[in-house]
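Reader: I have a new model open on my screen and would like to learn how to read it feature by feature. Could you walk me through it?

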Amino acid sequence: MQFADRLNKVETSAIRELFKLLGKPGIISFAGGFPDPALFDVQGIQESANAVLANSPGAVLQYGATEGYQPLREGISGFMANKGAIAKPEGLIVTTGSQQALDLIGKTMISTGDKVIVEAPTFLATIQCFRLYGAHIIGAPIDADGVDVDRLEKLIEEHKPKLVYLIPTFGNPSGATLSLARRKRILEIAARTKTLVVEDDPYGELYFDQPPPLSLLALSEQVSGSRDWLAHCGSFSKILSPGLRVGWLIAPPELLAKATMCKQFSDAHTSNLTQAIAAHYLTLNRLDVALAVVRKTYAQRASVMADSLHRELGSSIEFNQPQGGMFFWARLTGANNKGRNAPEFAKRAIDRGVAFVPGAPFFAHDPDLSTLRLSFATVGLEKIVEGIERLGRAL
Ligand SMILES: Cc1ncc(COP(=O)(O)O)c(C=O)c1O
């Protein structure tokens, strides 16, 4: 069959290939990017499902508006207000996961050959999605405080990109959090250079001790003109359930209207049933309680993973301790005559019964082969200790 030319620009993710090896019995996997299903508030979601089917079956089982189920748009507006961001219900649309919000931004904004700046490393699916629309992707370096703003500013001035895509809070895969000062500078740069900045924020609620700095969206109130150049993607996937497939896009009116039009041609609307469940769930006041458990559990797991990595791999590995989210981003240093090649290490690790994701696919170009991503989200404390011991033996 003669497939569309656009498919020449993307390939099946290397990560998916690795996942095929994970079926081995007894393997401890730090490779996934899923939240822990044991922490889903099944009771609350069930209560909401029952309520919406009992109270408004006609509405929730019917076709709905492309923009989203109105009570949920109002619910998300309230949820964002609690996080310090003003987003009126009519200023946002509900999307089928935030993945669709990213796709709609790609579809709406990117023409073949357009330049897009992302963090190096960044979320793999975004690289793939933007490439499908023909983007020429340029990576901006990051450190523990998120993207290097001086370098980003220079890249923006040099390349005049169509947009800049950032995961400022507990990034995937970087685990990094952009500092407050850098957030403000990015907003200033966006307003001054009239560059669209896309803030992807699925992890911001998963902080361990302290809430992270305010989102770019919330801070945009303080930086004149920046809101006009800011789109924000949110999601209930990591805080409620990814199976609901409920996310959202907040964007300037013109962009939101175009994205809504593209969504019409794509899936008409996100499932009314899951939107209504999410909307009802928000009224139960259970989210804070459920999130407190998630935060505590992930914080413990991250702490045990950090201790185990120090103990078992010592100076052979370096990493920044994440303050939230689901990931450690680490680099093999080559110390102690140990290897620096993460893909080779990944193969040896699987032989020893433990899996992680090598970092290379998360770079749009010039991959750093010494990097890797470890997720602690779905692994219990004892298994984390055992898994990292296995890693130590595999290195
Ligand atoms: C940074 C980032 N953005 C977006 C998504 C998509 O999430 P969803 O479509 O489930 O909202 C993910 C999922 O892992 C992610 O890590």
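Author: Gladly. Let's begin with an open sheet of four strands, whose order is β10-β11-β14-β13 and whose pairing is antiparallel. Do keep in mind that this is a predicted model.

Reader: Which strands are the edge strands?

Author: They are β10 (317-319) and β13, and each of them pairs on one side only.

Reader: How do strands of a sheet pair in general?

Author: The pairing runs through backbone hydrogen bonds, and it can be parallel or antiparallel. Here, β11 and β14 are antiparallel and share five bridges. To find your place in that pair, look for A330, whose bridge partner in β14 is L372.

Reader: And how many bridges link β13 to β14?

Author: Two bridges, again in the antiparallel sense, with β13 covering residues 357-358. V357 has R373 as its bridge partner in β14, while P358 stands opposite L372.

Reader: What should I look for on the two faces of a strand such as β14?

Author: The general idea is that side chains in a regular strand alternate between the two faces of the sheet. In β14, T371, R373 and S375 lie on one side and L372 and L374 on the other, and all of them are buried. Put as a count, five of the five residues in this strand, 371-375, are buried.

Reader: Where does the parallel kind of pairing turn up?

Author: Look at β3 and β4 (residues 136-143), which pair in the parallel sense over six bridges. K115 stands opposite H136 of β4 there. Strand β3, residues 115-120, is mostly covered, with five of its six residues buried.

Reader: Let me zoom out. How is the protein chain divided into domains?

Author: A useful habit is to check whether a domain is one stretch of sequence or several. Domain 1 takes in 5-41 + 289-394, and domain 2 takes in 42-283. Their centres, taken over C-alpha atoms, are separated by 25 Å.

Reader: How many residues of each domain are in contact with the other?

Author: 32 residues of domain 1 are in contact with 34 of domain 2. On the domain 1 side, α12 (287-313) and β11 (327-332) each supply at least two of the touching residues. The most come from α12, with seven residues. By class, that side of domain 1 has 19 nonpolar, eight polar and five charged residues.

Reader: How do I judge the overall fold?

Author: Start with the inventory, which is 14 helices and 14 strands. Then turn to the radius of gyration: at 21 Å it is close to the 21 Å that the globule rule gives for 395 residues, so the chain is as compact as a globular protein of that length. Its C-alpha atoms fill a box of roughly 60 × 50 × 50 Å along the principal axes. As for burial, 51% of the 395 residues count as buried.

Reader: Which residues surround the ligand most closely?

Author: The closest are G97, S98, Q99, S235 and S237, in a shell of 13 residues. Helix α5 (residues 97-109) gives the largest share of this shell, three residues. The shell has four nonpolar, eight polar and one charged residues.

Reader: Now for backbone details. Where are the cis peptide bonds?

Author: To spot one, read the omega angle. One cis bond joins A120 and P121, with omega about 15 degrees, and P121 sits in the loop between β3 and α6 (124-132). Another joins N172 and P173, with omega about 10 degrees. P173 belongs to the loop between β6 (163-166) and α8 (180-193).

Reader: What about phi angles that catch the eye?

Author: Look for positive values at residues that are not glycines. K160 has a phi of about 45 degrees, and R245 has one of about 55 degrees. K160 is in the loop between α7 (149-159) and β6, whereas R245 is in the loop between β8 (230-235) and β9 (246-250).

Reader: Is K160 buried or exposed?

Author: K160 is exposed, because it has 12 other C-beta atoms within 10 Å and 12 or fewer counts as exposed.

Reader: And is R245 buried or exposed?

Author: R245 counts as buried, since it has 21 C-beta neighbours inside 10 Å and the cut-off is 20 or more.

How values were computed
Residues numbered from 1 in each chain as written. Predicted model: local features only at pLDDT ≥ 70, side-chain atom pairs only at ≥ 80, totals over all residues. Domains from an automatic or database assignment. Contact = placed C-beta atoms within 7 Å. Nonpolar A, V, L, I, M, F, W, Y, C, P; charged D, E, K, R; others polar. Pairing = 2+ DSSP bridges. Rg over C-alpha atoms; globule rule 2.2 N^0.38 Å. Near = placed C-beta within 6 Å.
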